[in-house]
Each structure stands twice: as C-alpha cells, then as structure tokens.
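Student: I am new to this structure and would like a close look at a single part of it, the helix called H11 and what it meets, once the whole chain has been introduced.

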Amino acid sequence: MMESKGRRNSWHARLLSSREFAPLLSLVLIFALFALIAPRFTMFWNIKILCKQAAINGILAISLFLVVLTGGIDVSIGANLALQCVIVGHLVDWNVPVPLIVVIVIATGAMIGFLMGLLVTKINLPDLIVTLAAQNLIRGVALMFCQKSYNFFPDFIVTLGSGVIADTVPVAFVVFMAMAVLMWIFLTKTRPGRNVYAIGGSRDAARLCGIGDGKVKRTAYTLSGALVSVAALLYCGMYKSVLASKIGSDTINTLLAIVLLGGTSIAGGYGSIGGVLIGTAIMTVINNGMILAKAADYWITAITGLLILGSLVIQYMQGRVNVRKACSTKRIGIAGGGANAEK
C-alpha cells in the first residue's frame with residue numbers, strides 16, 4: 001500500500017515539475033475560455049479547421065525545434081518556405097511528374113539546411129548571423145523567380161493540403177502527426193537524436209564524450225530544411241496559390257512562440273516533441289478563437305509577443321529554482337560528509 005502511494009506521489013511530482021504541465025494547463029484554460037465566448041468554437045467543423053490550421057505551423061515548429069535543441073536559432077524558415085513553394089510552382093508548370101516534384105523539393109530544402117549548418121559549424125559563424133543572411137538571400141531568390149502567382153497544382157498535392165479522410169480527419173493533420181512521430185523516434189530512440197540533446201545541453205561535455213558537435217548540428221539543420229519542404233507541399237495544396245511576397249513573412253514569431261510555449265529551452269538541450277504539439281495547439285486555438293470572437297488582427301500579434309516574453313520569464317524562473325535545488329543538495333551532501341568525517 002505504501003509503495004503504491006509513493007508511486008502515485010512520485011507520478012504527481014513529476015507531472016507538476018515538468019515543463020509541459022503549465023503549457024498543457026494553459027491550453028485547457030484557453031480552450032475553455034473560447035468555448036464560452038465563441039459558441040461556434042467547439043463545433044465539429046471548426047475542430048476540423050483547427051486540425052488543418054495546425055499542420056503547417058506545427059511542421060515548421062518541429063523544424064525550428066530541432067535547431068533550437070542544439071543551442072542554435074534559424075530565422076530563415078519563413079523565407080525557405082516561400083522558396084520551396086515557388087520551386088513547386090515552377091516544377092508543376094514544367095509538367096514534372098509528382099513523385100519527382102516531391103523528391104526534388106525535399107532534397108532542395110535539406111540541401112539549404114545542410115549548407116547553413118556547414119557555415120555555422122565549419123566557419124564557426126553564429127547561427128543568428130548565418131540564418132539572418134540566409135533569410136534575405138533566400139527571400140530575394142524566391143522573389144526573383146516568382147514573377148506570377150501559381151494557382152494550379154496536381155491532385156496529389158491538393159489532397160495533401162486539403163483532403164479529408166472519411167470526412168473527419170484532414171490529410172494535412174495526418175502528415176503533421178506522422179512528421180511528429182518520426183522526429184520523436186529520431187530524437188529519443190536513435191543515437192544521433194540523443195546527441196542533439198547532448199550538444200545542446202553542454203557542447204564541451206559532449207565533446208569529451210566523443211560526440212562530434214559539428215556533425216550533429218549539420219544533421220539537425222538538414223532535417224530542419226527537409227521538414228520545411230514538407231510544409232511547403234502542404235501549403236501549396238492547402239491554399240492552391242503561391243506568391244513569394246505573401247508567404248512566411250512573419251512566420252518566425254509564431255514558430256518561436258510555439259517552441260517556447262512547449263517548454264523548450266532557448267539555450268538548447270531541453271524540450272520535447274510533445275511540448276511542441278502543445279505549443280502548436282495553443283497558438284492555433286488562440287488564432288482561431290480570436291477570429292471567431294471577431295478580435296482585431298493586432299491583438300493576435302500582441303498576444304504572440306506576450307507569450308514569447310512570458311515563456312522566457314518562466315524559463316528564467318525555472319532555471320533559478322533548479323540552481324537553488326542543486327545548491328541545497330550540494331550543501332546537504334557536504335554537511336553529511338563532514339558529519340561522517342567527525343565520527
């Protein structure tokens with residue numbers, strides 16, 4: 001009986017101390033709030049819309065999450081999304097077979113990610129500087145090659161973005177969940193994935209353990225670029241219109257809010273795919289709920305900024321608490337050692 005009670009207490013303690021608990025509780029409260037002020041919010045058709053809306057930002061958030069885990073940041077994701085959408089439009093115009101379009105687009109995104117990772121690791125340039133320069137370069141290339149709006153896409157791509165399974169689950173949401181599961185398996189069940197956490201937690205300690213931080217970081221950037229390409233395919237199929245100047249211009253703010261809301265440390269080394277899913281749900285619910293509540297667009301922007309700032313403050317406070325716990329444990333250990341020595 002005592003063992004079972006101890007296990008329950010331990011489970012509750014782990015839940016309350018986890019970084020995902022507060023975001024999950026926030027999600028429940030925000031959902032309940034919009035259910036009260038906007039009666040249409042909980043209708044089945046709107047739940048389907050929520051799932052569909054979550055797909056693109058969710059995949060892009062996982063893309064950013066991989067880089068943040070290594071202790072880096074990638075502000076070029078929105079520009080890369082625009083470029084990949086333009087590439088899809090061009091390939092469709094040139095009547096390239098759909099399977100080849102998918103391969104070319106994913107390979108291009110992965111290559112862009114790899115090149116950024118190469119600049120960060122081989123030349124030792126800061127992530128922010130590299131990705132900021134890449135953002136401008138990639139955006140410029142996308143605008144240069146996008147002289148018109150692309151409004152026709154093959155059935156397969158349209159189904160990816162707009163299809164519904166059994167009139168219930170959006171195909172885009174299934175793709176999002178599939179990407180989340182694949183990245184969860186990579187990060188938790190493979191050595192390269194665990195190495196991503198290791199170099200984000202402490203690069204020097206990882207090096208002492210024989211982990212090549214450059215290779216790990218390039219892998220994270222490469223996978224991040226490939227995920228952006230998957231999101232681009234969904235975007236083309238969902239909106240059925242591509243114009244580079246309209247795509248991804250303020251995406252990074254939303255993605256950063258999602259990643260931080262999910263409990264990921266901005267310094268790297270800590271976070272989970274589950275946390276990213278929670279963060280995606282929170283931002284999707286807020287955006288959708290504000291529209292149904294007929295709130296002005298600037299409120300969504302302001303709330304996004306507040307959420308980012310609030311997440312950073314919470315991380316700072318959690319860090320202070322962890323430092324105090326560590327110091328307290330160390331004092332107890334020293335005191336215990338002194339008492340034993342006296343005996």
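Student: Among contacts in the protein chain between residues at least 6 apart in sequence, what percentage join residues at least 24 apart?

Tutor: The share is 78%, where a contact means heavy atoms within 4.5 Å. Before going further, please keep in mind that this is a predicted model, in which local features need pLDDT of at least 70 and side-chain atom pairs count only at pLDDT 80 or more, while totals for chains, interfaces and linings use all residues. Residues are numbered from 1 along each chain as its sequence is written, and side-chain values use heavy atoms, with hydrogens and water left out.

The protein chain has 14 helices and two strands, these being DSSP runs numbered from the N terminus (helices H or I, at least four residues; strands E, at least two). Of its 343 residues, 45% are buried, a word that stands for under 20% relative accessible area, with exposed meaning over 50% and partly exposed in between (1.4 Å probe, protein chains only).

Helix H11 covers residues 213-239, and its axis comes within 7 Å of the axis of helix H5, residues 98-122, the two crossing at roughly 150 degrees. Here the axes are lines fitted to C-alpha atoms, for helices over the stretch in contact, and angles run from 0 to 180 degrees between N-to-C directions. The crossing of H5 and H11 is right-handed, a term used if the near helix is turned clockwise from the far one by less than a right angle, whereas anticlockwise would be left-handed. The residues of this contact divide into twelve nonpolar, eight polar and three charged; Ala, Val, Leu, Ile, Met, Phe, Trp, Tyr, Cys and Pro count as nonpolar, Asp, Glu, Lys and Arg as charged, and the others, Gly among them, as polar.

H11 also takes part in a salt bridge, that is, a side-chain nitrogen of Lys or Arg within 4 Å of a carboxyl oxygen of Asp or Glu. Lys217 forms this bridge with Asp127, the closest N and O atoms being 3.3 Å apart. Because Lys217 lies in H11 and Asp127 in helix H6 (residues 127-145), the pair ties together parts that are 90 residues apart in sequence. Both Asp127 and Lys217 are buried.

A search of the whole structure finds two salt bridges. Besides the pair at H11, the side chains of Asp167 and Lys48 meet in a salt bridge at 3.7 Å, N to O. Asp167 counts as exposed, at 58% relative accessibility.
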